[in-house]
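Biologist: I would like a close look at one part of this model. Please take the place where two helices meet, and then set it in the context of the whole chain.

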Amino acid sequence: PAGGASLPPVVKLLGGGRALHALTSAFLVFELCVGLYFPTISTLRSKYVPNEHKASILNLFRIPLNLVVISVYLSIGRLGVSGALYCAGAAVSLALAALAALPA
């Protein structure tokens, strides 16, 4: 109820119904991507990571990921928001290149 009461001022601030439509569409696309991510990642894990070593391998992959997150977080003063977004874009590009290199 409280969230619904605050919606009209936000819609007016964003420029009316067209902005609300764009915002809702962007939210739905985001939710679709997140909803597709988990089943896709589960399928890739079952295909490429052996079950007997799955826990060890996944924990080893978390170490570099956490190091990247911590280093970007500690450097946010120097990088700024755009620099942090460039780092995220570079990480996604690297992941996409690694995905493309996987055998079919």
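Modeller: What follows goes from the whole chain to the helix pair, and then to a few single residues. Keep in mind that this is a predicted model.

The protein has 5 helices and 0 strands. Read from the N terminus, the order of elements is α-α-α-α-α. Of the 104 residues, 7% are buried. The exposed surface comes to about 8,700 Å², and carbon and sulfur atoms supply 74% of that area.

Now the helix pair. Helix α4 covers residues 54–74, and helix α5 covers residues 76–101. Two packed helices are described by the angle between their axes and the distance between the axes. Here the axes come within 7 Å and cross at roughly 130°. Parallel, perpendicular or oblique? The crossing makes α4 oblique to α5, because an angle of this kind falls outside 65 to 115 and is not over 145 degrees.

Which residues make the contact? From α4 come Val72, Tyr73 and Leu74. From α5 come Ile76, Leu79, Ala84 and Cys87. By type, this contact has 7 nonpolar residues, no polar ones and no charged ones.

Next, the segment after α5. Leu102 lies there. Its relative accessible area is 36%, so Leu102 counts as partly exposed. Leu102 also has a partner to check in the viewer: Tyr48. The two are 54 residues apart in sequence. In space, their C-alpha atoms are 9.2 Å apart.

Last, the aromatic rings. A pair of aromatic rings is described by the distance of the centres and the angle of the planes. The count for this model is 1 aromatic pair. That pair is Tyr37 with Phe38, with ring centres 5.0 Å apart and planes at 80°, so the arrangement is edge-to-face. An angle over 60 degrees is what earns that label. Are these residues buried or exposed? Tyr37 is partly exposed, at 44% relative accessible area. Phe38 reaches 53% relative accessibility and counts as exposed, because the cut-off for exposed is over 50%.

Terms used: Residues are numbered from 1 along each chain as its sequence is written. This is a predicted model: local features need pLDDT of at least 70, side-chain atom pairs count only at pLDDT 80 or more; totals for chains, interfaces and linings use all residues. Side-chain values use heavy atoms; hydrogens and water are left out. Rings of Phe, Tyr and Trp (its six-membered ring) pair if their centres lie within 6.5 Å; planes under 30 degrees apart count as stacked, over 60 as edge-to-face and the rest as tilted. Buried means under 20% relative accessible area, exposed over 50%, partly exposed in between (1.4 Å probe, protein chains only). Axes are lines fitted to C-alpha atoms, for helices over the stretch in contact, and angles run from 0 to 180 degrees between N-to-C directions. Helices (H or I, at least four residues) and strands (E, at least two) are DSSP runs, numbered from the N terminus. Angles under 35 degrees count as roughly parallel, over 145 as roughly antiparallel, 65 to 115 as roughly perpendicular and the rest as oblique. Contact means heavy atoms within 4.5 Å. Ala, Val, Leu, Ile, Met, Phe, Trp, Tyr, Cys and Pro count as nonpolar, Asp, Glu, Lys and Arg as charged, and the others, Gly among them, as polar. Accessible areas come from the Shrake-Rupley method with a 1.4 Å probe; for residues, only the protein chains shown count as cover.
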